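Good morning, and thank you for joining. I would ask you to look at the sequence and the structure together while I speak.

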Amino acid sequence: MRSVDVIVLGAGIAGISAALHLQARGRQVLLLDRGPAGEEASRGNAGVIARDGCIPHRLSASPMVLGAQALGLRSDAHVSWWGMRHHLPWLRAFRDASASVGVSRYVRALAPVQAAAVGEHLALARAANALRFFRPTGLVKLHDARDAEAAELEAHFARIYGTGYSELSSVELARLEPHLVARGLRAVYWPDGQSVSSPGGVTKAYARLFRERGGIIDTGDALSLTGAHGVWSVRASRGAVEAGTVVVALGSWSADLLTPLGYAFPLAALRGYHLHLRAAAGASLSRPVADVARGFVLSPMERGIRLTTGVELAPRDAPARPRQMAQALAAAREIFPLGSPVDAAPWLGARPCLPDSLPVIGPAPAHPGLWFCFGHADTGFALGPATGRLLAEMIAGETPFADPDPFSARRFAAGWEMLRFA
Ligand SMILES: Cc1cc2nc3c(=O)[nH]c(=O)nc-3n(C[C@H](O)[C@H](O)[C@H](O)COP(=O)(O)OP(=O)(O)OC[C@H]3O[C@@H](n4cnc5c(N)ncnc54)[C@H](O)[C@@H]3O)c2cc1C
């Protein structure tokens, strides 16, 4: 049996970044995935690397809005009847976390990690020869002028954290994005963030860097993990591998491995779609634009303008449904002159999301040598390199650069009666 220091399960942005930071601390690391690196959410996202102060997806407390979402009448969120039935406690907890106290806790917890996000990405991108994907575009957010709350909250946090933030007049918006039509919408510019032209290209470049630095990438099923007496082993395509330390970075699939071990995380797979489109003749878009009320993002990418949808709460592995993308596309055409699609069909993926929208980063409370790095919700592409560093610092016994307490697995421990904690 082969032996390494650390096995990282899952080769998305979270797992690859953790593997690189552990490797930089002298660990021999094996990165295991069932398929090629960077093929799931880490490929299909909107490529926005937002700065601190941005607030997460929220769920309205209004019964009217919830009803419309359940009926599939709004593009920002589709909550299927299955979602209502199976995720009611999750939905309640998510809605509670959407209130201003929960949002404030979220922003405070993530601020130091988000502040490090761009720098951590650029350091990896420089080493991986991937700087060509990065652009200092910032982000434009469009808010429904009648719903001032989200914009007010963000303005408040941007002031606290000193993050660049400016309300744009129609003239200023036209100067920034001449082909955007935002009549009746409130436009806000976040200049400090970056975006990338290919999230999959970036993630795969980081995986190549890991391999070039001596890391091992292998395929295999993470669910083959077994552990006894502090030694963990998995079956990989080139034979079994053992290690004293295992990192679970399986994104929306993390609970498949952890629930049988006794960790009943309330992890939801918030599905989302993307479709690349051509810009209509003569039109161009220079930076990501997020329409907050209707839940979609338009992001210029290598393949065209990528339109990503809001959240769909449906069974993770159910077939794609066309409705939300159709709604988002109709809404997107109202604000930008889009041409024909580039892709034959929309891509479908899932954001791994806990009710407080914060990831779980840190040790498993009842299994020595087992570590968690998942649940990055809708900011995982941005945060992966920074949370990978945080996790590696914790595993190596260094002083972590950010307070890891808000990300502790123990915040969900109320339902884990079966486990005896260390
Ligand atoms: C539509 C959409 C738009 C988004 N936009 C943004 C954005 O603009 N900015 C941002 O920061 N974030 C965004 N996100 C969120 C971001 O994409 C995710 O948070 C992030 O990619 C999660 O990374 P991950 O590595 O945890 O998961 P993933 O990238 O999903 O990786 C998990 C890996 O685990 C592997 N795996 C699963 N099961 C097994 C198994 N049994 N055995 C072996 N391997 C297994 C999978 O193959 C996969 O490679 C968006 C997400 C979506 C869906």
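**Two domains and a ligand**

The assignment divides the chain into domain 1, made of 2–42 + 201–263 + 356–415, and domain 2, made of 56–99 + 134–194 + 267–353. Please bear in mind throughout that this is a predicted model.

Let me begin with how the two domains meet. The C-alpha centres of domain 1 and domain 2 lie 29 Å apart. Where they touch, 18 residues of domain 1 are in contact with 14 residues of domain 2. Between them the two domains bury about 1200 Å², and 61% of that area is on carbon and sulfur atoms. Which residues of domain 1 lose the most area to domain 2? They are Ser-252, Ser-357 and Asp-378, which together account for 39% of what that side buries.

I turn next to the polar side of this interface. Between domain 1 and domain 2 there are 5 residue pairs in polar contact, counting pairs with both residues at pLDDT 80 or more. On the side of domain 1 that touches domain 2, the elements giving two or more residues are helix 9 (199–212) and helix 10 (254–258). Helix 10 supplies the largest share of that side, 3 residues. Sorted by class, the same side has 7 nonpolar, 6 polar and 5 charged residues. As for salt bridges, the rule finds 1 across the interface of domain 1 and domain 2. I also draw your attention to Asp-256 and Arg-316, whose side chains meet in a salt bridge at 3.1 Å, N to O.

Now to the ligand. It is surrounded by 30 residues, and the closest are Asp-33, Ser-42, Ala-222, Ala-377 and Ala-382. A polar side-chain atom of Asp-33 lies 2.6 Å from an oxygen atom of the ligand. Asn-45 likewise places a polar side-chain atom 3.4 Å from a ligand oxygen atom. What lies 2.9 Å from a nitrogen atom of the ligand? The partner there is an N or O atom in the side chain of Asp-221.

Finally, a word on salt bridges in the model as a whole. The count comes to 23. One pair is Glu-393 and Arg-25, whose side chains meet at 4.0 Å, N to O. This pair links distant parts of the chain, 368 residues apart: Glu-393 sits in helix 12 (residues 380–395), while Arg-25 sits in the loop between helix 1 (13–23) and strand 3 (29–33).

Thank you; I am happy to take questions.

Notes. Residues are numbered from 1 along each chain as its sequence is written. This is a predicted model: local features need pLDDT of at least 70, side-chain atom pairs count only at pLDDT 80 or more; totals for chains, interfaces and linings use all residues. Side-chain values use heavy atoms; hydrogens and water are left out. Domain bounds come from an automatic or database domain assignment. Contact means heavy atoms within 4.5 Å. Buried area is the accessible area (1.4 Å probe) that two parts lose on being put together, summed over both. A polar contact is a pair of N or O atoms within 3.5 Å; within protein, one must be able to donate a hydrogen and the other to accept it, and residues adjacent in sequence count only if both atoms are side-chain atoms. Helices (H or I, at least four residues) and strands (E, at least two) are DSSP runs, numbered from the N terminus. Ala, Val, Leu, Ile, Met, Phe, Trp, Tyr, Cys and Pro count as nonpolar, Asp, Glu, Lys and Arg as charged, and the others, Gly among them, as polar. A residue is near a molecule or strand if one of its heavy atoms lies within 4 Å of it.
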